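Biologist: Got a minute to walk me through this one? Just the main points, please.
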Amino acid sequence: MPKNSKVVKRELDDEVIESVKDLLSNEDSAEDAFKKSELIVDVQEEKDTDVEEGSEVEDERPAWNNKLQYILAQVGFSVGLGNVWRFPYLCQKNGGGAYLLPYFILLMVIGIPLFFLELSVGQRIRRGSIGVWNYISPKLGGIGFASCVVCFFVALYYNVIIGWSLFYFSQSFQQPLPWDQCPLVKNASHTFVEPECEKSSATTYYWYREALNISSSMSESGGLNWKMTICLLAAWVIVCLAMIKGIQSSGKIMYFSSLFPYVVLICFLIRALLLNGSIDGIRHMFTPKLEIMLEPKVWREAATQVFFALGLGFGGVIAFSSYNKRDNNCHFDAVLVSFINFFTSVLATLVVFAVLGFKANVINEKCIAQNSEVIMKFLKMGNISQDIIPHHINFSAVTAEDYHLVYDIIQKVKEEEFPALHLNSCHIEDELNKAVQGTGLAFIAFTEAMTHFPASPFWSVMFFLMLVNLGLGSMFGTIEGIITPVVDTFKVRKEILTVICCLLAFCIGLIFVQRSGNYFITMFDDYSATLPLLIVVILENIAVSFIYGIDKFMEDLKDMLGFAPKRYYYYMWKYLSPLMLLSLLIASIVNMGLSPPGYNAWIEDKASEEFLSYPLWGMVVCILLMVLAILPVPVVFIIRRCNLIDDSSGNLASVTYKRGRVLTEPVNLEGDDASLIHGKISSEMSSPNFGKNIYRKQSGSPTLDTAPNGRYGIGYLMADMPDMPESDL
């Protein structure tokens with residue numbers, strides 16, 4: 001960029017406002033080179049634009065078409081598969097209806113304040129996670145890079161789950177469903193049921209053998225599962241096509257992907273409530289076990305679920321909010337999306353346990369019928385006297401109450417001999433207490449229940465289409481958490497980056513569609529996200545509250561929203577949330593240390609799962625996943641703290657100028673790591689878009705500079721700062 005050696009330096013009074021015309025009038029008219037170098041200024045008052053260095057045409061930052069589209073995007077990102085198969089499991093495991101109380105408390109203490117914080121910084125600074133945390137504190141700019149790495153790790157295996165759902169969806173257009181009955185095996189002499197299926201169940205066999213064709217350990221690769229490879233490719237093609245134009249394409253898809261799951265959940269709930277036994281499931285679900293609620297483990301798991309349910313730390317929340325207008329009421333958005341997420345979890349829990357109650361009733365009826373036949377045999381053989389059986393009981397059509405009566409009588413009479421009879425009590429609560437989560441709930445328990453539904457193929461199609469949509473909504477936010485920061489920082493074309501990202505993720509994701517791939521998904525889920533994301537969010541909270549300054553941030557929010565947020569958030573961000581997050585981090589580390597690192601392997605001969613420890617190389621991979629996810633934070637800090645890289649063309653903490661200049665006065669930002677402008681000289685800095693005027697503000701102002709028309713300029717130069725430190729990066 002040409003420099004003008006004849007610029008007249010002048011002192012500015014406090015609160016001086018100069019128009020672009022005034023600034024340019026100071027230029028030496030004799031220099032043709034500088035005449036051609038003009039400051040490009042946005043003269044629109046309604047749209048914020050990004051300008052690329054070296055570009056003659058303004059590149060407008062995309063914006064949401066309307067508020068509904070944005071809310072649906074945030075809801076689609078936060079409401080995911082965890083709401084359907086993780087929350088109901090935790091609710092059942094940790095006290096039933098009583099679990100809702102600690103979850104709701106932690107939603108108010110951790111969830112909403114931190115969700116509001118991420119929405120605020122994204123909307124205020126209008127950049128992805130890298131740009132946002134570079135602005136807050138360049139030395140903590142690694143937070144944004146760590147978010148991108150974690151997003152990439154999660155995207156690798158999360159899309160495999162969408163691939164599984166696509167496979168089951170494609171297989172659901174059959175009557176009967178292919179997992180309805182165990183397959184028959186023929187040999188030279190006779191036909192018999194597949195032994196592996198007979199030892200387990202039809203749905204379990206179909207999941208492990210037909211869908212995954214799983215190996216017996218993660219050390220046994222077994223080669224690619226081609227059915228799942230094709231499904232994974234289809235899943236990445238869908239994501240790529242939806243994201244290739246950014247929010248302009250994904251935003252429209254949100255209308256379907258975010259709303260359709262609610263239609264399916266409501267339809268499932270209505271249908272399930274009409275089924276026999278559904279009320280038993282819901283009653284079991286919401287029977288509070290208050291003694292369990294007091295255990296510390298319950299609060300730790302509730303905090304972890306709140307943390308992941310809202311997608312904190314991924315960068316997707318920041319990326320989506322960065323496309324908002326700066327005067328958008330993001331506080332309302334934070335509360336609305338958080339409560340939608342909570343009520344979605346409750347709705348999904350009702351559906352899950354209504355269906356599981358029906359399934360438990362079906363299984364219980366079979367149990368009673370089988371054991372009644374056994375009792376009748378004992379009566380005929382004389383092992384049990386007919387005299388002890390009440391006269392009104394008919395074993396050909398025995399009810400659950402009558403069976404339990406007979407069972408109790410036989411147990412009392414045959415006290416010593418009773419174990420040898422091998423009779424089951426057949427209580428429906430025993431079946432409901434068999435907690436299932438994750439893939440076991442969706443691909444085994446739910447599929448088994450749907451085989452008993454009238455018109456089961458229809459319900460199967462609806463269910464797996466719902467899973468695909470839930471997964472895609474979260475995937476869009478996850479990929480946006482990668483693409484937006486990289487595009488904003490490195491100014492690459494979004495279309496090219498999206499294709500490269502999806503292609504690379506598909507190639508790496510092939511390790512998850514091996515026959516042993518399910519074990520790698522467990523590894524990535526346990527080690528690549530939990531601790532790194534906790535550390536990322538703790539650093540986010542610290543960066544805003546203690547480095548940028550909570551008072552300064554509250555003033556920024558007041559300027560941006562037009563009203564001061566409740567003082568509640570001040571105390572949450574500064575005191576309670578960091579304390580709770582640190583406690584959660586310590587508890588997670590302790591729990592990880594006490595839990596033996598390993599995975600549940602499917603053993604074909606036993607037709608059951610068996611816990612296996614990770615091999616040595618597996619432990620190394622687990623450690624590498626955690627280290628690689630959090631490594632950008634110390635690396636960027638060391639680089640910028642020690643000035644190891646001298647980037648004279650600009651840095652990642654800056655926004656962008658076009659050709660031209662604003663001021664030649666050097667600027668001293670020493671001690672102000674919160675400033676966005678962090679370079680050597682003004683000619684080497686990048687610039688945000690300005691409104692009609694460029695504003696200078698008094699040095700030491702605690703807030704961002706604000707134009708009279710309500711527009712915010714990030715990092716306007718302060719004229720009374722004498723020196724400019726070396727660029728951090």
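Modeller: Start right after helix H10, with Asn-213: this residue has a positive phi, near 45°. Keep in mind that the model is predicted.

Biologist: And H10 itself, how many of its ten residues are buried?
Modeller: Nine of the ten, so the helix counts as mostly covered by the cut-off of under 20% relative accessible area. H10 spans residues 202–211. Among the buried ones are Tyr-205, Tyr-206, Trp-207, Tyr-208 and Arg-209.

Biologist: What do the buried residues of H10 pack against?
Modeller: Four helices and two strands are the partners: H8, H9, H11 and H21, plus E6 and E7.

Biologist: Stay with those strands. In which sense do E6 and E7 pair?
Modeller: Antiparallel, over six bridges. One bridge joins Tyr-599 to Leu-612 in E7.

Biologist: What about the hairpin, how many residues sit between the strands?
Modeller: Four residues. Ala-607 in that hairpin takes a positive phi near 55°.

Biologist: How many residues of E6 are buried?
Modeller: Five of its six, so E6 is mostly covered, with under 20% relative accessible area as the cut-off.

Biologist: New topic. Which residues does the UniProt "binding site" annotation cover?
Modeller: The record is an unreviewed entry, and its annotation covers Gly-76, Val-79, Asn-83, Asn-341, Leu-470 and Ser-474. They are spread over 399 residues of sequence, yet they cluster in space, with a largest C-alpha distance of 12.6 Å.

Biologist: Take Gly-76. Where does it lie, and is it buried or exposed?
Modeller: Gly-76 lies in helix H3, residues 67–78. Gly-76 counts as buried because its relative accessibility is 6%.

Biologist: What does Gly-76 touch, not counting residues up to four places away?
Modeller: Ser-258, Leu-470, Gly-473 and Ser-474. Leu-470 and Ser-474 are also covered by the UniProt annotation.

Biologist: And Val-79, where is that found?
Modeller: In the loop between H3 and helix H4. Val-79 is buried because its relative accessibility is 3%. Leaving aside neighbours within four places in sequence, Val-79 is in contact with Tyr-262, Ala-309, Asn-341, Thr-344, Leu-470 and Ser-474.

Biologist: Moving on to Ser-321. Why does it count as buried?
Modeller: Because its relative accessibility is 0%. Ser-321 lies in helix H16, which runs over residues 316–321. Its contacts, leaving aside neighbours within four places in sequence, are Tyr-70, Gln-74, Glu-118, Leu-119, Gly-122 and Gln-123.

Biologist: Now the outside. Which residues make the nonpolar surface patch?
Modeller: Leu-616, Val-620, Ile-623, Leu-624, Val-627, Leu-628, Leu-631 and Val-635 make a patch of about 690 Å². Helix H27, residues 616–630, gives the largest share, with six residues.

Biologist: What does Leu-628 count as?
Modeller: Partly exposed, because its relative accessibility is 42%. Leu-628 has its place in H27.

Biologist: Zoom out. What does the secondary structure come to?
Modeller: There are 28 helices and ten strands. Of the 729 residues, 58% count as buried.

Biologist: And the accessible surface, what does that come to?
Modeller: About 30500 Å², with 61% of it belonging to carbon and sulfur atoms.

Biologist: Last one. What share of contacts join residues at least 24 apart?
Modeller: 79%, among contacts between residues at least 6 apart in sequence.

Key:
Residues numbered from 1 in each chain as written. Predicted model: local features only at pLDDT ≥ 70, side-chain atom pairs only at ≥ 80, totals over all residues. Heavy atoms only, no water. Buried < 20%, exposed > 50% of the residue type's maximum accessible area, 1.4 Å probe, protein only. Contact = heavy atoms within 4.5 Å. UniProt positions renumbered as here; feature names shortened; annotations may be inferred. Areas by Shrake-Rupley, 256 points an atom, 1.4 Å probe, with all protein chains shown as cover. Patch = residues over 30% accessible without salt bridge, like charges linked within 9 Å, V, L, I, M, F, W, Y side chains within 5 Å. Salt bridge = Lys/Arg side-chain N within 4 Å of Asp/Glu carboxyl O. Pairing = 2+ DSSP bridges.
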